[in-house]
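User: Could you take a close look at the largest pocket for me, and tell me what lines it? Some context on the rest of the protein would be welcome too.

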Amino acid sequence: MADELRSAVDESFPRVREDLERLIRIPSVSFEGFDPAEVWRSAEATAEILSASGARGVRMLEVEGAHPAVMGEAPGAGGGPTVLLYAHHDVQPPGDEADWRSPPFEPTERDDRLFGRGSCDDKAGIALHQSALLAHDGRPPVDVKVFIEGEEEQGSPNLDAFLERYGEDLRAD
């Protein structure tokens, strides 16, 4: 089983990397003073990635005054626990571009590492969840729910409102 899983991850790697690079190119800065349309664009791209990776019922979660979150589910074999996977699609402001060795929203590989705003924190989290779904062909051994929020970098000011509104949908073991 481990060899099959490793093969599936290896096979999906080019697709996952391509989607990660696509996300990095979206300047989804959630702070005031930055274009909120870019955060929406990031949420839409995240929803497309989850859907294409086998998640079902992928949808935008909205609360008044908040950037959108994304949720999807991948039912397992049945009878097992439900696992909730979390990530966020918003990023920190890039700061002064002169401080960057490459453009902040252009994924750039150097020394076998990928650089760009969000390449690690936390668009890579989305890529990890995508990879897990793909490795299991959208049918993981346990029930999986995925929650990707759009305000973590500013301290998740509306997380309580999301949980109040969607808490039952996000319930997991």
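Analyst: Happy to help; here is the pocket, followed by the overall fold and one proline.

A word on the basis: this is a predicted model, in which local features need pLDDT of at least 70 and side-chain atom pairs count only at pLDDT 80 or more, while totals for chains, interfaces and linings use all residues. Residues are numbered from 1 along each chain as its sequence is written, and side-chain values use heavy atoms, with hydrogens and water left out.

The largest pocket has a volume of about 410 Å³. A pocket here is an open set of points on a 1 Å grid over the protein atoms alone, where a 1.4 Å probe fits, with protein on both sides within 12 Å along at least five of seven lines. Grid points are joined across faces, edges and corners, and the volume is the space filled by probe spheres set on them. Lining residues, those with an atom within 4 Å of a point, number 18, and the closest to the pocket centre are Phe 13, Leu 20, Leu 114, Ser 119 and Ala 124. Two or more lining residues come from each of helix H1 (2-24), strand S5 (113-115) and helix H3 (123-135). H1 gives the largest share, five residues. Helices (H or I, at least four residues) and strands (E, at least two) are DSSP runs, numbered from the N terminus.

By class, the lining holds eleven nonpolar, three polar and four charged residues. Nonpolar covers Ala, Val, Leu, Ile, Met, Phe, Trp, Tyr, Cys and Pro; charged covers Asp, Glu, Lys and Arg; the others, Gly among them, are polar.

Now for the wider setting. The protein has four helices and six strands, arranged along the sequence as α-α-β-β-β-β-β-α-β-α. Its C-alpha atoms fill a box of roughly 50 × 40 × 20 Å along the principal axes. Of the contacts (heavy atoms within 4.5 Å) with a separation of 6 or more, 74% join residues 24 or more positions apart.

One residue worth showing you is Pro 94, in the loop between strand S3 (82-88) and strand S4 (108-110). Pro 94 counts as buried because its relative accessibility is 16%, buried meaning under 20% with a 1.4 Å probe and protein chains only. Leaving aside residues up to four places away in sequence, Pro 94 touches Val 29, Phe 34, Trp 100, Pro 104, Phe 105 and Arg 117. Pro 27 lies 67 residues from Pro 94 in sequence, yet their C-alpha atoms are 8.7 Å apart.

Note on methods. Buried means under 20% relative accessible area, exposed over 50%, partly exposed in between (1.4 Å probe, protein chains only).
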